[in-house]
Every structure is written in structure tokens, then in C-alpha cells.
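Me: I would like to learn how to read a fold strand by strand. Please take one feature at a time, with the general idea and then the case at hand.

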Amino acid sequence: MNQTLSTYHMIMPKDLNPRGTLFAGSCANFMIEGGFLTAEAFLGHPHMVFFGMNGMKFVKSVEKGETVSVTGTVVDAGKTSLGVFVTVRFLHTKELAAQSYLTFVSIDENTGRPVPHGAKLDNLTEEIFAWFKKAKGMNGPTILPWQEK
């Protein structure tokens, strides 16, 4: 199971807002696509749907002609859901442009109903887990997904 995956996008005129920088909707689209591909690689199948986006944060404007990497990391595996932390970074400087937490739900390909995916997670880095806690609104001591009994 691949827990992290990166895709790349060159920012084109169609991706811009009236100010000439990356439109938030285009960035969200890049993040959802990158998150979906990460979840698909992790589960080994494309039978899932996008459920929601939490904590989308823009750190730096992206200009036309820039190339960005969109990197998703699976940080949470519920019974039917997967949480994917997604970052958008400038390709050459690796500087952070945006980040978000996305949730996908595994579905039965015939009925479209949620089904258990049976996936387990490897250890998360402290940085990713701290962001995950913040995005999920958790406070106080937390049991990490791999520490559950």
C-alpha cells in the first residue's frame, strides 16, 4: 500500500482568478484529484467517493506558469473512510502554497453504498499527525491509529 503520492500541475490561464493568481476552486480541484489518486493507490481500487474538505489553508499565492506538486498522504483510516492530508508546494523551491485535509469513503462499486475497506496505516510523522489533530479538532491526549487495540 502506497501511503503518499505526488502529482504535478503547471498553472495555466484557465486556473487563474481575476487577480492573476491560482483560483481557490482550481487549487481545490487539484487537491481533490491528488487526494483521490493517493487514496486509490493506498486501497488498490478506485471505488470511493469524495466526502469533504476540512481546513483548506492558503499560505502563498501561485502565479501563472508556476509548476506545483500536489502531495497526498493517507493519515487516517476509519472503517469505511480514509483521511488524506494534501499539500501544494512550488516544484522548484518546495515552498508550501496550500494545504488541506480530505475525507474519502470506500463504496461498493455496484450499489454505491459505503463498505469497509480493511486498510491499516503505517506510522505517521509527528508533523503530519499534529496537522491531522488540528484538522479534526482533537484536543488532549490522543491514541494514534496504530496504537488502537
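Me: Is β4 mostly covered or mostly open, and how many of its residues are buried?

Reply: This is a predicted model, so everything here is computed from predicted coordinates. To judge cover, count the buried residues in an element, where buried means under 20% relative accessible area. In β4, eight of the 10 residues are buried, so by that cut-off the strand is mostly covered. For the chain of 149 residues, the buried share is 40%.

Me: Which strands does β4 pair with, and in what sense?

Reply: Look for bridges on either strand. β4 pairs with β3 in the antiparallel sense over nine bridges, and β4 also pairs with β5 in the antiparallel sense, again over nine bridges. For β3 and β4, one bridge to look up is valine 68 with phenylalanine 90 of β4. For β4 and β5, glycine 83 has threonine 103 as its partner in β5, and phenylalanine 85 has tyrosine 101.

Me: How many residues join the strands in each hairpin?

Reply: Read the stretch between the end of one strand and the start of the next. Three residues join β3 to β4. The hairpin of β4 and β5 has five residues between the strands. In that loop, between β4 (81-90) and β5 (96-106), sits lysine 94.

Me: What is the phi of lysine 94?

Reply: For a loop residue, check the sign of phi and the residue type together. Lysine 94 has a phi near 65°, which is positive, and the residue is not a glycine.

Me: What should I look at in β5, and how many of its residues are buried?

Reply: Apply the count used for β4. In β5, 11 of the 11 residues are buried, so the strand is largely enclosed by the rest of the structure. Besides its pairing with β4, β5 runs antiparallel to β2 (residues 48-58), joined by eight bridges. Tyrosine 101 of β5 shows both partnerships: asparagine 54 stands opposite tyrosine 101, and phenylalanine 85 has tyrosine 101 as its bridge partner.

Me: Which residues does alanine 97 touch?

Reply: To read one residue, take its element, its cover and its contacts in turn. Alanine 97 is in strand β5 and is buried, with a relative accessible area of 1%. Leaving out residues up to four places away in sequence, alanine 97 touches Lys57, Phe58, Val59, Lys60, Val62, Val88, Arg89 and Phe90. A distance is a separate reading: the C-alpha atoms of alanine 97 and threonine 87 are 7.6 Å apart, with the two positions 10 residues apart in sequence numbering.

Me: Which residues have the most contacts inside the largest nonpolar core?

Reply: The general idea is that nonpolar side chains tend to be buried together in soluble globular proteins. Here the largest nonpolar core has 24 residues, and Phe42, Val62 and Val88 have the most contacts inside it. The elements that each give two or more residues to this core are α1 (24-43), β3 (67-77), β4 and β5. α1 gives the most, with six residues.

Me: How many aromatic pairs does a search of the whole structure find?

Reply: For rings, check the distance between centres, then the angle between planes. The search finds two aromatic pairs. In one of them, phenylalanine 36 and phenylalanine 104 have ring centres 6.1 Å apart and planes at 75°, so the pair is edge-to-face. Phenylalanine 36 lies in helix α1 and phenylalanine 104 in strand β5, so the pair ties together parts 68 residues apart in sequence. Their cover can be read as well: phenylalanine 36 is partly exposed at 24% relative accessibility, whereas phenylalanine 104 is buried at 1%. Phe36, Phe50 and Phe104 form one aromatic cluster.

Me: Where does the charged end of lysine 60 sit?

Reply: A charge over a ring is read from the ring centre outwards. The charged end of lysine 60 sits over the ring of phenylalanine 90, 5.7 Å from the ring centre. Phenylalanine 90 is the β4 residue that bridges to valine 68.

Me: How many helices and strands are in the chain, and in what order do the elements run?

Reply: List the elements from the N terminus. The chain has two helices and five strands, in the order β-α-β-β-β-β-α. Contacts add to that list: among those between residues at least 6 apart in sequence, 67% join residues at least 24 apart.

Key: Residues are numbered from 1 along each chain as its sequence is written. This is a predicted model: local features need pLDDT of at least 70, side-chain atom pairs count only at pLDDT 80 or more; totals for chains, interfaces and linings use all residues. Side-chain values use heavy atoms; hydrogens and water are left out. Helices (H or I, at least four residues) and strands (E, at least two) are DSSP runs, numbered from the N terminus. A nonpolar core is a set of buried Ala, Val, Leu, Ile, Met, Phe, Trp, Tyr and Cys residues joined through side-chain atoms within 4.5 Å. Buried means under 20% relative accessible area, exposed over 50%, partly exposed in between (1.4 Å probe, protein chains only). Contact means heavy atoms within 4.5 Å. Two strands pair if DSSP finds at least two bridges between them. Rings of Phe, Tyr and Trp (its six-membered ring) pair if their centres lie within 6.5 Å; planes under 30 degrees apart count as stacked, over 60 as edge-to-face and the rest as tilted. A charge sits over a ring if NZ of Lys or CZ of Arg is within 6 Å of the ring centre and within 35 degrees of the ring normal.
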